[in-house]
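Trainee: Could you walk me through reading a few features of a structure, one at a time?
Mentor: Gladly; let us put it in front of us and begin.

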Amino acid sequence: MADEKVLDTENMSNFIHDIIDEDLAEGKVEKIHTRFPPEPNGYLHIGSAKAIWINAGTAQKYGGLFNLRFDDTNPVREDDEYVKSIEEDLRWLGAEPTGGIYYGSDYFDKCYEFAIKLIKEGKAYVDDLSADEMREYRGTLTEPGKESPYRNRSVEENLDLFERMKNGEFPDGSHTLRAKIDMASPNMNLRDPAIYRIVHAHHHRQGDKWCIYPLYDYAHPIQDALEGITHSLCSIEFENHRPLYDWVINNVGFEHKPHQYEFARLNVTHTVMSKRYLRELVETKKVDGWDDPRMPTISGLRRRGYTPSAINEFVKKAGVAKAYSIVDIGLLEHCIRDELNTNAQRRVAVLRPIKVVITNYPEDKEEYFELPNIPKNDEAGVRKVPFTRELYIDADDFAEVPPPKFFRMKPDGEVRLMGAYIVKCNEVIKDSEGNIVELHCTADLETGNGNPVDGRKIKGTIHWVSAKYAIDATVRLYDYLFTLENVNDVPEGTNYLDYLNPNSLTELTGCKLEPALADAKVGDKFQFVRTGYFCKDSKDEGVFNQIVGLKDSWAKEAKK
């Protein structure tokens, strides 16, 4: 379980809490009870983290209870794999289900019982219209719907047909149980909505007990009422469904009446939050599974190296409102970068190695230089890094024909090897095709990790690793999954897949890392000096994933 302090609710306040404060002051409720109702048909994503933070955080703030309830009312795409992943993600984010873990399928008997009650009271009927016919009869936003020719069946006929639906006598789509409300209602959701449909499919928990399943708009309010939920907090797309939520609560006849409140979904630039799109990316192998580090899923972010505290801080900073907005992914990057800057130990990694030979350094000599684990943090201590005649530096730190103000290694130029000697490049060795294979340098052996005795100034410092002691690794660099900033609003005539970033993953093999990284454990996070933040991959041996780069463009823009 994650640290309880991860779910930080300090100074947490929003319009939902204003409502709750008023409800408590007026005595409408005594103990706050919330829930998170994911459908187990995919992995949670960062948008889910917002819903979790709001629901679990609200319960925590008011000393109430928080339920995890799986909305497993559609057996076709649900799976135990998703159930396990959702529970793992929830707890990893620090949201302990203090009120319990439930399943929508636990209430199938009750939902059926209440459906019978509605039929007996003339408030529900079995309809024979097909799905296409129902859409046609439903009307439009400007025109009222038409009543089904089956709307006025007798109670006895409806009870008989519904019983036969339950017994499996009819094929999928042949009959539907609908609430009898108002086909002329300006709210389309109240035009006799379907509340039960026939689905002959094996359920991951109920097996083959049922072949009729309640729809979400009918089942959800019943589940809330039975669990004692006081404030049913959901995303804004359910705002127009609230009258139907209230209709079910009132007509089933619950004494305890939960209320639904809506907040804006979390939309993030350069990615998608649609579970359908995410599933398509996985199933068509555009990404390497639900936990691909490029994915906005919680498991993907965890594998990439994001922390629960950084994700929750991002959600907190993004805010809770009702208006649509899209949040810059740079804010998420800022949150993890800000956290790791203070607690990630520094290590040296040469991602694109070029061998350097210090020609005036003895072949059999070795020495160690001390480098700080975290600069300006004495408690983090230091580590000793081996120095030998042959080293590796990064190819980006050498230019045979340097541009102006290039203060790294260049022919006949001096540069500081971080924490060690000042060296001068004397010779560039190339192969038969003209590729650089080695750089021959001489070191000012009087400098050690100090300044030149003659007082000359050396402007550039580059990182390095000993060739003898370096460990080989694969390093994965990540860019945004989509090139388009707002993937929810693609230009006409295009598809979201048209904007998949072909450079979202760059895999570098043969990288050279300092020997201390040989002891890195799965999930350990480091700053590779001058490069960015990385963590050891949880799946592939010898792989480090880039969490985020060093440059914080979001913070720079925020200051402006």
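Mentor: First, a word on elements: helices (H or I, at least four residues) and strands (E, at least two) are DSSP runs, numbered from the N terminus. This is a predicted model, in which local features need pLDDT of at least 70, side-chain atom pairs count only at pLDDT 80 or more, and totals for chains, interfaces and linings use all residues. Residues are numbered from 1 along each chain as its sequence is written, and side-chain values use heavy atoms, with hydrogens and water left out.

Trainee: Let me try a helix, then. Which residue follows α11, and what is the sign of its phi?
Mentor: G319 comes after α11, and its phi is positive, near 90°.

Trainee: And which residues of helix α11 are buried?
Mentor: The general idea is this: an α-helix has 3.6 residues a turn, so residues three or four places apart point the same way. Buried means under 20% relative accessible area, exposed over 50%, and partly exposed in between, with a 1.4 Å probe and protein chains only. In helix α11 (residues 308-318), the buried residues are P308, A310, I311, N312, F314 and V315.

Trainee: What do the buried residues of α11 pack against?
Mentor: Contact means heavy atoms within 4.5 Å. The partners of the buried α11 residues include the helices α2, α3 (80-92), α10 (298-304) and α12 (329-343). They also include β10 (267-268) and β11 (326-327).

Trainee: How should I read a single strand residue, say L68 in strand β2?
Mentor: Start with accessibility, then look at the surroundings. L68 sits in β2 (residues 65-70) and, at 0% relative accessibility, counts as buried. Setting aside neighbours within four places in sequence, L68 is in contact with F36, P38, I86, E87, L90, P97, G100, I101 and Y102. Sequence distance and spatial distance are separate readings: L68 and P37 are 31 residues apart in sequence, yet 6.3 Å apart in space, C-alpha to C-alpha.

Trainee: Where is H231, and which side chain does its own side chain meet in a polar contact?
Mentor: A polar contact is a pair of N or O atoms within 3.5 Å; within protein, one must be able to donate a hydrogen and the other to accept it, and residues adjacent in sequence count only if both atoms are side-chain atoms. H231 belongs to strand β8, and its side chain makes such a contact with the side chain of D23 (2.9 Å). H231 counts as buried, at 1% relative accessibility. Leaving aside neighbours within four places in sequence, its contacts are I20, D23, V29, I32, H33, T34, H259 and Y261.

Trainee: Now the cysteines. How many disulfides does a search of the whole structure find?
Mentor: A disulfide is a covalent bond between the sulfur atoms of two cysteines. The cut-off used is a pair of cysteine sulfur atoms within 2.5 Å. The search finds zero disulfides. For C211, the nearest cysteine sulfur is that of C111, 15 Å away, and C211 counts as buried at 10% relative accessibility. C535 is in no disulfide either; its nearest cysteine sulfur, that of C511, is 15 Å away. C535 counts as buried at 1% relative accessibility.

Trainee: How do I read empty space, and how many cavities of 30 Å³ or more are there?
Mentor: Rolling a probe the size of a water molecule over the atoms shows where empty space is left. On a 1 Å grid over the protein atoms alone, a cavity is a set of points where a 1.4 Å probe fits but cannot get out, and a pocket is an open set with protein on both sides within 12 Å along at least five of seven lines; lining residues have an atom within 4 Å of a point. Grid points are joined across faces, edges and corners, and a volume is the space filled by probe spheres set on the points. The search finds one cavity of 30 Å³ or more, and the largest cavity has a volume of about 50 Å³. Y216, D217, H220, P221, F238, H241, L244, Y245 and Q260 line the largest cavity. α7 gives the most to that lining, with four residues.

Trainee: And which residues lie nearest the centre of the largest pocket?
Mentor: That pocket holds about 760 Å³ of space. Its lining has 28 residues, with H45, S235, E237, F238 and K275 nearest the centre. The largest share of the lining, five residues, comes from α2.
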